[in-house]
Amino acid sequence: VPYAKLITVDPYHRGDNHDDRVSIYDLVRALDLLVLRRPDVINLSLAGPESPLLKDAIDAATIANVTVVAAAGNDGPKAKPVFPAAYDAVIAVTALDKNYAVYRRAVRGAHIDFSAPGVDVMTAAPGQQIRKRSGTSYATPFVTAAAALEIANSPAMGQAELIERLSANARDLGQSGRDRVFGWGLIQATGLCMPP
């Protein structure tokens, strides 16, 4: 995304089982701090239970015309939708493998908007290492970047127009049109890339 400014906020802490966790307070505080900076897009590579506090923070972002893109979650295909991806105002992303099959642990549902690569994705790891990771969290930045490119090309557009443009360029997978597994399909950003 040419000339983009990136803001990173890490609200996580190490849990008792040496896993990364985030409290709803820290997540909402991070979202509030981000919205004050007026970004075009916020990437949320996380998923969890519904929370009125989180809903209020997402609503505040929407009112500020900030697009929120979130991971669909990895609780399995029969799991209930998770949040913030399940909120109407959020663009929900699922993960695909190199053969365009949905990630086996991805949450499915009518809220899914787009698909992106998210299985065996090369990621940075501690100690200047690179590791393969899988999950809807790794697919979400692909859609965030596509949304940022589209907004950079047409800054005045609203979220409905943004989704319409992204879906018009998505590669339809599964059932024709939007479906519960792939959403509108595999995000395609190539046509959005313009020379500086």
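Trainee: Which exposed residues are carried by the face of helix 2 turned away from its buried side?
Mentor: Pro52 and Ile63; exposed means over 50% relative accessible area, buried under 20%, and partly exposed in between (1.4 Å probe, protein chains only). Helices (H or I, at least four residues) and strands (E, at least two) are DSSP runs, numbered from the N terminus. This is a predicted model, in which local features need pLDDT of at least 70 and side-chain atom pairs count only at pLDDT 80 or more, while totals for chains, interfaces and linings use all residues. Residues are numbered from 1 along each chain as its sequence is written, and side-chain values use heavy atoms, with hydrogens and water left out.

Trainee: What makes the buried residues of helix 2 line one face?
Mentor: Those residues are Leu54, Ala57, Ile58 and Ala61. Seen down the helix axis, they fall within an arc of 100 degrees, so they line one face; the arc is that of the directions from the axis to the C-beta atoms.

Trainee: What covers them?
Mentor: The cover includes helix 1 (24-36), strand 3 (41-44), strand 4 (67-71) and strand 5 (90-96), where contact means heavy atoms within 4.5 Å.

Trainee: Why is Leu53 of helix 2 called partly exposed?
Mentor: Its relative accessible area is 49%, which lies between the 20% and 50% limits and is therefore partly exposed.

Trainee: Why is Glu150 called buried?
Mentor: Glu150, in helix 3 (residues 136-153), has a relative accessible area of 6%, under the 20% limit, and is therefore buried. Not counting residues up to four places away in sequence, Glu150 touches Met157, Leu162, Arg165, Leu166, Asn169 and Leu192.
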